[in-house]
Structure formats: structure tokens, C-alpha cells
Amino acid sequence: MAIQTTHSSRRILLPVRPWFILLSLAAALLLNLVPLGRATGMPDWVALVLAFWSVREPLRVGMGSAFALGLLMDVASASVMGQHPLAYLLLSYAAGGLSRRILWFPLGQQALHILPLLLGTQLVMVIARIAGGADFPGWGYFLGSFSGALLWFPLTYVLLLPQHRPVDKDENRPI
């Protein structure tokens with residue numbers, strides 16, 4: 001009797017439900033609005049979840065979703081109008097363009113691919129703030145990208161959990 005080890009990336013996933021995508025993006029938006037979201041090292045939850053769905057489902061979550069979420073973030077945080085939509089649009093475009101490449105790698109290396117995308121998003125927001133007359137927020141502002149990359153691993157498991165097919169053993173089925 002041979003013991004088969006299954007790699008998590010080889011599992012067949014069920015299709016993602018659109019309501020779950022909306023729920024996860026709404027939860028990310030609410031997490032960004034929590035007052036702790038302005039603390040040093042806290043990730044931009046909307047950017048992180050948007051990057052996840054742009055990589056996993058580039059045809060369902062794209063630049064339209066990024067623009068709408070960016071406008072909501074601008075209004076909610078009373079920041080420079082257009083700062084979040086521009087940053088999220090670029091993030092969604094880059095993540096969607098790299099989605100096939102990123103998904104070939106294990107989760108640790110996926111996080112290394114996501115890190116420059118999150119850093120670029122924060123850099124665009126800082127440039128938009130400075131262009132609007134604000135001061136430089138300091139280098140600690142960019143720690144959120146690193147914590148977001150570290151959270152890529154657990155976030156992937158949490159967001160893919162509803163898609164996992166139950167493991168049922170059927171002796172008559174080869175797969």
C-alpha cells in the first residue's frame with residue numbers, strides 16, 4: 001500500500017462564489033477603517049485582498065473593482081482624491097498581468113512576488129500625497145507592505161477555504 005502525499009496546490013478547487021469575493025473585499029475595507037489600521041506596520045488590507053483576487057480571479061476582480069474600492073477608501077479616509085484609485089488600479093493591473101506566473105510558485109515565493117506590488121502601491125500613494133501638499137509619512141509607512149507579504153500565506157488559506165472540495169473517497173473513480 002503506497003501512501004500518497006497530496007500537495008495543496010494540486011487539489012481541485014471549486015469555483016469561487018461571487019458573494020464570497022464581495023464579502024472578503026468588504027471585510028478588507030472594514031479592516032482598513034479600524035483605527036488600528038493607521039498604526040505602523042499594519043498592512044493595507046484592501047490592497048492585499050485585491051491583490052489576492054486579482055491573482056486568483058483576474059477576470060472577476062479587475063480594475064473596475066480596484067477603482068471602486070479606491071474611491072471608497074479615499075472618501076472614508078478623507079485623503080487626496082484619486083490617491084487610492086490610482087494605486088489600486090496599478091496594483092490590480094500588475095497582479096492580473098502576473099497572475100499566471102505567480103500561481104506557479106509555492107506560497108512563500110508568491111509572497112516575494114506580491115511584496116514589490118504592495119510596495120509599489122504604497123509608493124504611488126506617498127507620491128500622490130506629497131503632490132497634494134502633505135509631508136512624507138516616514139519610512140515606517142512602508143513596513144505595511146512587508147507585513148502584508150508575511151500575511152500572504154495565512155490569507156491564501158483563509159480565502160481558499162470555501163473552495164476546497166471535500167475529500168470523499170470513491171473506489172470506482174480514478175481521480
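A residue is called buried when its relative accessible area is under 20%, exposed when that area is over 50%, and partly exposed in between, as judged with a 1.4 Å probe on protein chains only. This matters for reading the model above, which is a predicted one: local features need pLDDT of at least 70, side-chain atom pairs count only at pLDDT 80 or more, and totals for chains, interfaces and linings use all residues. Residues are numbered from 1 along each chain as its sequence is written, and side-chain values use heavy atoms, with hydrogens and water left out.

The protein chain contains 8 helices and 0 strands, where helices (H or I, at least four residues) and strands (E, at least two) are DSSP runs numbered from the N terminus. Of the 175 residues in the protein chain, 37% count as buried. Among contacts in the chain with a separation of 6 or more, 68% are made by residues 24 or more positions apart, a contact being a case of heavy atoms within 4.5 Å.

Helix α2 (residues 45-56) is a good place to begin. Its 12 residues should span 16 Å at 1.5 Å a residue, and its end C-alpha atoms are 16 Å apart, which agrees; the expected span is 1.5 Å times one less than the number of residues. This helix is mostly covered, since 11 of its 12 residues are buried, including Trp-45, Leu-50, Phe-52 and Trp-53.

From α2 we can move to the nonpolar core, a term for a set of buried Ala, Val, Leu, Ile, Met, Phe, Trp, Tyr and Cys residues joined through side-chain atoms within 4.5 Å. The largest such core has 35 residues, and those with the most contacts inside it are Trp-53 and Tyr-88. Helices α1 (18-33), α2, α3 (63-77), α4, α6 (107-131) and α8 (152-160) each supply at least two residues of this core, and α2 gives the most, with 10 residues. Leaving aside neighbours within four places in sequence, Tyr-88 touches, among others, Val-46, Ala-47 and Leu-50, as well as Leu-69 and Met-125.

Another residue to examine is His-84, which is placed in helix α4 (residues 83-97). His-84 counts as buried because its relative accessible area is 5%, and, apart from neighbours within four places in sequence, its contacts are Gly-70, Met-73, Asp-74, Ser-77, Ser-79 and Met-125. Arg-100, in helix α5 (residues 99-102), counts as exposed because its relative accessibility is 71%.

Aromatic rings offer a further view. Rings of Phe, Tyr and Trp (its six-membered ring) pair if their centres lie within 6.5 Å, with planes under 30 degrees apart counted as stacked, over 60 as edge-to-face and the rest as tilted. The whole structure holds 8 aromatic pairs. In one of them, the rings of Trp-19 and Phe-20 have centres 6.1 Å apart and planes at 90°, so the pair is edge-to-face. Trp-19 is exposed, with a relative accessible area of 52%, whereas Phe-20 is buried at 14%. Trp-19 and Phe-20 also belong to one aromatic cluster with Phe-52, Trp-53 and Trp-152.

The residues lining the largest cavity are Pro-15, Val-16, Arg-17, Trp-19, Phe-20, Pro-162 and Gln-163. On a 1 Å grid over the protein atoms alone, a cavity is a set of points where a 1.4 Å probe fits but cannot get out, and lining residues have an atom within 4 Å of a point.

Key. 1 Å grid on protein atoms, 1.4 Å probe; cavity = no way out; pocket = protein on both sides within 12 Å on 5 of 7 lines; lining within 4 Å.
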